[in-house]
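Visitor: I've got a fold in front of me and a few minutes to spare. Could you walk me through it?

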Amino acid sequence: MKRDRWLSGLFLAGMLCVMLGTVGAQVAQAQRPIPLADLQCVKRSGNWESRQRDISVGRQIYTSVLYIQNGTAMTCRLPGGPASLRLEFAIPDTENSPPARIDVYVDGNQVASRTGDQGQVNTMLVDISNGKSLAVEVFCARATNCQSYTPYYFMKAQVELGARSPGRR
């Protein structure tokens, strides 16, 4: 009788450990961001390249992970489920580039737009939950004096899975 209870308790403790280990692994996996460059993407126009480069922005050093030229538009397949898109972009102090306008679309509908000037890191956090496709378009924000090769640098361009919707608690 005591032995049965002891074995039953041991079995329950083992099952609890397995369940907690599985849930813990899922939570850890859900928190790992996916770089935009790692998604399955189709370039519609322009040029972009995943590469690390140190840049100076507002007299501070940052490491960019993605370089995108003016006029670039890309559409990427999303993994689905709850997620957020985090973009941090800047124009280096060494560039005389016009402001950048970033437009974000989920399943063909515009969900965010942001214009960023030189000398500061600009941040976007966009809810892309349950979307099937993501489009990001990068353009010069001025009507004139924009070159197609104007570079914009991204310190973060990633999909954060399992993230709660921005602004919701």
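Guide: Here is a short run of questions and answers on the sheet, the disulfides, one asparagine and the core.

Visitor: Before we start, what kind of model is this?
Guide: Keep in mind that local features are taken up here where pLDDT is at least 70. That is a confidence cut-off, and it fits the kind of model you're looking at, which is predicted.

Visitor: Which strands sit at the edges of the five-strand open sheet?
Guide: Read across the sheet and you get the order S2-S5-S10-S7-S8, with antiparallel pairing. Neighbouring strands are turned by 15° against each other on average, direction ignored. An edge strand pairs on one side only, and that description goes to S2 and S8.

Visitor: How many bridges join S7 to S8?
Guide: These two run antiparallel and make a hairpin with two residues between them. Along the pair, Arg 101 stands opposite Thr 115, while Val 106 has Asn 109 as its bridge partner. The full count of bridges joining S7 to S8 is seven.

Visitor: Which residue in the turn of that hairpin has a positive phi?
Guide: The turn belongs to the hairpin of S7 and S8. Its phi there is about 50°, and the residue is Asp 107.

Visitor: On to the cysteines: what is the pairing in sequence order?
Guide: There are two disulfides to place. One joins Cys 41 and Cys 76, with sulfur atoms 2.0 Å apart, and the other joins Cys 140 and Cys 146, with sulfur atoms 1.8 Å apart. Number the bonded cysteines along the chain and the pairing reads 1-2, 3-4.

Visitor: How many residues apart are Cys 41 and Cys 76?
Guide: Cys 41 is in strand S2 and Cys 76 in strand S5, so to speak two distant parts of the chain. Cys 41 counts as partly exposed at 22% relative accessibility, whereas Cys 76 counts as buried at 2%. The link is right-handed, with 100° about the S-S bond. In sequence the two cysteines are apart by 35 residues.

Visitor: Is the disulfide of Cys 140 and Cys 146 right-handed or left-handed?
Guide: Cys 140 is buried at 8% relative accessibility, and Cys 146 is partly exposed at 28%. For handedness, look at the torsion about the S-S bond, which is about -40°. The sign is negative, so this disulfide is left-handed.

Visitor: Asn 70 is in a loop, so is it buried or exposed?
Guide: The loop in question runs between S4 and S5. Buried means under 20% relative accessible area. Asn 70 has 12% relative accessibility, so Asn 70 counts as buried.

Visitor: Which residue has its backbone nitrogen 2.7 Å from a polar atom of the Asn 70 side chain?
Guide: Beyond its sequence neighbours, Asn 70 is in contact with Val 138, Phe 139, Cys 140, Cys 146, Gln 147, Ser 148, Thr 150 and Tyr 152. The backbone nitrogen at 2.7 Å belongs to one of these, Cys 140.

Visitor: And how many residues are in the largest nonpolar core?
Guide: Strands giving two or more residues to this core include S4, S6, S9 and S11. Leu 85 is among the residues with the most contacts inside the core, and Leu 85 touches Val 104, Ile 128 and Leu 134, among others. A separate core of six residues, including Ile 55 and Tyr 153, lies apart from it. The largest one has 28 residues.

Technical notes: Residues are numbered from 1 along each chain as its sequence is written. This is a predicted model: local features need pLDDT of at least 70, side-chain atom pairs count only at pLDDT 80 or more; totals for chains, interfaces and linings use all residues. Side-chain values use heavy atoms; hydrogens and water are left out. A nonpolar core is a set of buried Ala, Val, Leu, Ile, Met, Phe, Trp, Tyr and Cys residues joined through side-chain atoms within 4.5 Å. Buried means under 20% relative accessible area, exposed over 50%, partly exposed in between (1.4 Å probe, protein chains only). Helices (H or I, at least four residues) and strands (E, at least two) are DSSP runs, numbered from the N terminus. Contact means heavy atoms within 4.5 Å. A polar contact is a pair of N or O atoms within 3.5 Å; within protein, one must be able to donate a hydrogen and the other to accept it, and residues adjacent in sequence count only if both atoms are side-chain atoms. Two strands pair if DSSP finds at least two bridges between them. A disulfide is a pair of cysteine sulfur atoms within 2.5 Å. Axes are lines fitted to C-alpha atoms, for helices over the stretch in contact, and angles run from 0 to 180 degrees between N-to-C directions. Lists of a residue's contacts leave out its neighbours within four places in sequence.
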